[in-house]
Amino acid sequence: MTECIFCAIADGSSPAHIVYEDTDILGFLDIRPVRPGHTLLIPKKHAADLAELSPELGGKLFVAGQSIAAALRASSIAADGVNLLVNDGRAAFQSVFHSHLHVVPRHHGDKLTLARGLLTRRDNDMPATAAILRAQLEGPRR
Ligand code: AMP
Ligand code: ZN
């Protein structure tokens, strides 16, 4: 059993609400979402941080991030905006050392601050949120 929680999600030995998958990249809901729909994109192949991540995989993460961002806007989650974020290194609040891209839906006036969000982060129906995003990603892009 791997000690890396995101490797365990990638190999299916740990549960997650999967919203996106291609050959190299996996996307799943953050277990403590800043907002419902908050998605994490990871390379399936372990890379602890940006220094270990190949530029090719970094590019693929960003491309997947664009798809998730479009789905967050177009689906019933109806994001008005999206934050794409990488925390790289402990000093930058990286807590899981398998590099990942946060895709966070934003709404006008949501007054989100990450510090306050840390206290209140939850989604009462993650299966439903994941289903919304999966359906949007499978459907027509426009
Ligand atoms: P970071 O601080 O950038 O390293 O973010 C790590 C993120 O991973 C946090 O937002 C956590 O809520 C999230 N997380 C940790 N464990 C899991 C898990 N098992 N499934 C989904 N998300 C997780
Ligand atoms: Zn890993």
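Lys44 touches a run of residues from elsewhere in the chain: setting aside those up to four places away in sequence, its partners are Ala10, Glu21, Asp22, Thr23, Asp24, Ile25, Leu26 and His98. Keep in mind as you rotate the view that this is a predicted model. Lys44 itself sits in the loop between strand S3 (39-43) and H2. With a relative accessible area of 27%, Lys44 is partly exposed. You can also pick out His100 from here: the C-alpha atoms of Lys44 and His100 are separated by 10 Å, although the two residues are 56 residues apart along the chain.

One of the partners of Lys44 is Asp22, so let us step across to that residue next. Asp22 belongs to the loop between strand S1 (18-21) and S2. Like many stops on this tour, Asp22 can be described by its accessibility: the relative accessible area is 28%, and Asp22 is partly exposed. For a longer reach through the model, select Ala135 as well; its C-alpha atom and that of Asp22 are separated by 15 Å, with their positions 113 residues apart along the chain.Another partner of Lys44 is His98, and His98 leads to the metal site. Which residues hold the zinc ion (ligand 2)? The ion is coordinated by Cys4 through SG, Cys7 through SG, His46 through ND1 and His98 through ND1, at 2.0 to 2.3 Å. The angles among the four donor atoms run from 104 to 118°, and the site is tetrahedral. Along the chain, the donors follow the spacing C-x2-C-x38-H-x51-H. Cys4 lies in the segment before helix H1 (5-10), while His98 lies in the loop between strand S4 (81-85) and strand S5 (101-106), so this pair ties together parts that are 94 residues apart in sequence. Cys4 is buried, with a relative accessible area of 14%, and His98 is buried too, at 0%.

The loop between S4 and S5 offers two further stops. Asn87 is found there, and at 18% relative accessibility it counts as buried, because the cut-off for that class is under 20%. Not counting residues up to four places away in sequence, Asn87 touches Ala92, Phe93, Gln94 and His102. Phe93 is found in the loop between S4 and S5 as well. Is Phe93 buried or exposed? Phe93 is exposed, with a relative accessible area of 71%.

Phe93 is also worth a look in a Ramachandran plot. Most residues other than glycine have a negative phi. The phi of Phe93, in contrast, is near 70°, a positive value in a residue other than glycine. Ala78 has a positive phi too, near 55°. You will find Ala78 in the loop between H2 and S4, where it counts as partly exposed at 37% relative accessibility.

From that loop, turn to the helices. Two packed helices are described by the angle between their axes and the distance between the axes. How do H2 and H4 score on those terms, and at what angle do they cross? The axes of helix H2 (residues 55-74) and helix H4 (residues 126-138) come within 9 Å and cross at roughly 110°. H2 and H4 are therefore roughly perpendicular to each other. On the H2 side, the contact is made by Ser67, Ile68, Ala71, Leu72 and Ala74, and on the H4 side by Leu133, Gln136 and Leu137. Sorted by class, this contact has six nonpolar, two polar and no charged residues.

The last stop is Gly27, which lies in strand S2 (residues 25-29). Gly27 is buried, with a relative accessible area of 0%. Leaving aside neighbours within four places in sequence, Gly27 is in contact with His17, Ile18, Val19 and Tyr20, and also with Thr39, Leu40 and Leu41. Finally, find Leu61: the C-alpha atoms of Gly27 and Leu61 are separated by 9.4 Å, and the two residues are 34 residues apart along the chain.

Notes: Residues numbered from 1 in each chain as written. Chains lettered and ligands numbered in written order. Predicted model: local features only at pLDDT ≥ 70, side-chain atom pairs only at ≥ 80, totals over all residues. Heavy atoms only, no water. Donors = N, O, S within 2.8 Å, 3.2 Å for Na, K, Ca; no water. Tetrahedral: all angles 85-135°; square planar, octahedral: opposite > 155°, others 65-115°. Helix = DSSP H or I, 4+ residues; strand = E, 2+ residues; numbered from the N terminus. Buried < 20%, exposed > 50% of the residue type's maximum accessible area, 1.4 Å probe, protein only. Axes fitted to C-alpha atoms, helices over the stretch in contact; angles between N-to-C directions. Parallel < 35°, antiparallel > 145°, perpendicular 65-115°, else oblique. Contact = heavy atoms within 4.5 Å. Nonpolar A, V, L, I, M, F, W, Y, C, P; charged D, E, K, R; others polar.
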